[in-house]
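Here's a quick tour of charged pairs and strand pairing. Have the sequence and the 3D view open as you read.

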Amino acid sequence: LQQYKVGELSPDEAPAAPDAQDPFAGDPPRHPGLRVNSQKPFNAEPPAELLAERFLTPNELFFTRNHLPVPAVEPSSYRLRVDGPGGRTLSLSLAELRSRFPKHEVTATLQCAGNRRSEMSRVRPVKGLPWDIGAISTARWGGARLRDVLLHAGFPEELQGEWHVCFEGLDADPGGAPYGASIPYGRALSPAADVLLAYEMNGTELPRDHGFPVRVVVPGVVGARSVKWLRRVAVSPDESPSHWQQNDYKGFSPCVDWDTVDYRTAPAIQELPVQSAVTQPRPGAAVPPGELTVKGYAWSGGGREVVRVDVSLDGGRTWKVARLMGDKAPPGRAWAWALWELTVPVEAGTELEIVCKAVDSSYNVQPDSVAPIWNLRGVLSTAWHRVRVSV
């Protein structure tokens, strides 16, 4: 690198050391175009109008959901601990994870449980980040299959009874408690579930905000289970004891409030319901008369394919079928979203209420309004997406 050297930095010009009192001082730089919902921890989404412009979301625009400060990990000293049966422990370096196990690639969409929460807050106040429609993104992930690593550690293809695979991250709260989550053992070991210990994102190493050096990617499941900065994997007869598995990311009836909520009565969110949103035009836009192209995304959890997106320009009285774009996935493994568009004639001087609703391969369809699915945490917001514009 000698040819690139431009000089020496004098000691009085050296950058100040990170603020030891601020646990977020070491967070990485971010793209200035992101819509920020919180700075500490950092949570942000891409501009909605860019979401449907590319099938794969660029790494710098992929939505960021952090619960705690971003850990600084030295790749040469990184070790992934896998607690095996009989008290045995497998310790893998990043190089060993890459060399011992075949690399597997999966194109998968990740979505936060709180995507579109801002629409729920307009019905009644909720607790949580005010996500618009951008807490969802798609990438091509590369890494070792979790199944291969667990089999190598000595676990069988099947276990009798209810078992879970628990994950812990290197991100921790001031008391040292790490972020954690779990998925059912059967999903972790299923060859068709494509669960990865990913070290690549869109052909490059994971960015720090997205889990460098290794993260879990659980296709078809709420993003909260795809633990970043992975440090430990363990098999347990119980779900992860983490706060975010036990006392968050669960859905409740609209009648439940903070005085009556009992998190033990609801299962942790795993597969997400069918979802869609309009990305163009944006709410309140003034569009020219002639032909209007409406764009958006649609996705369903559990590998269920989106088979149709219906679009209305009059608030749901009449409908047209949008054109779906993207490759057809194997049955039950539609891990990535479908992008869609519809071009329709519009006349000057009219007001449009654009509505979209998606239908998946199980013929699940989005509910028509937010109020009946409102819940105190504002999760699972999947009602028809509505955008009002003038021509």
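What follows looks at salt bridges and then at one sheet.

## Salt bridges around the segment before β1

Keep in mind that this is a predicted model. Searching the whole structure turns up 31 salt bridges. One of them brings the side chains of D22 and K40 together, at 2.7 Å from N to O. D22 sits in the segment before β1 (35–38) and K40 in the loop between β1 and β2 (43–45), so this pair ties together parts that lie 18 residues apart in sequence. The two ends don't share the same surroundings: D22 counts as buried at 18% relative accessibility, because the cut-off for buried is under 20%, while K40 is exposed, with a relative accessible area of 52%.

R30 has a salt bridge too, this time with D209, and their closest N and O atoms are 2.7 Å apart. Here the pair links distant parts of the chain, 179 residues apart: R30 is in the segment before β1, and D209 is in the loop between β11 (204–205) and β12 (215–217). R30 is partly exposed at 23% relative accessibility, whereas D209 is buried, with a relative accessible area of 7%.

## A strand-to-strand pair and a network

Now for a pair that sits on strands. R386 forms a salt bridge with E353, with 3.1 Å between the closest N and O atoms. R386 belongs to strand β21 (residues 385–390) and E353 to strand β20 (residues 351–360), so the pair ties together parts 33 residues apart in sequence. R386 comes out as partly exposed at 30% relative accessibility, and E353 as buried, with a relative accessible area of 17%.

Some salt bridges share partners: R81, D83, E168, R231 and R232 are joined into one network that way.

## The β14-β15-β19-β18 sheet

On to the strands. An open sheet is built from 4 strands in the order β14-β15-β19-β18, with antiparallel pairing. β14 (275–280) and β18 (323–325) are the edge strands; each has a single partner strand, so one side of each is left without a neighbour in the sheet. On average, neighbouring strands here are turned by 30 degrees against each other, direction ignored.

Within this sheet, strand β15 (residues 290–299) pairs with strand β19 (residues 338–346) in the antiparallel sense over 9 bridges. If you want a spot to zoom in on, E291 stands opposite P345 in β19.

Notes:
Residues are numbered from 1 along each chain as its sequence is written. This is a predicted model: local features need pLDDT of at least 70, side-chain atom pairs count only at pLDDT 80 or more; totals for chains, interfaces and linings use all residues. Side-chain values use heavy atoms; hydrogens and water are left out. A salt bridge is a side-chain nitrogen of Lys or Arg within 4 Å of a carboxyl oxygen of Asp or Glu. Helices (H or I, at least four residues) and strands (E, at least two) are DSSP runs, numbered from the N terminus. Buried means under 20% relative accessible area, exposed over 50%, partly exposed in between (1.4 Å probe, protein chains only). Two strands pair if DSSP finds at least two bridges between them. Axes are lines fitted to C-alpha atoms, for helices over the stretch in contact, and angles run from 0 to 180 degrees between N-to-C directions.
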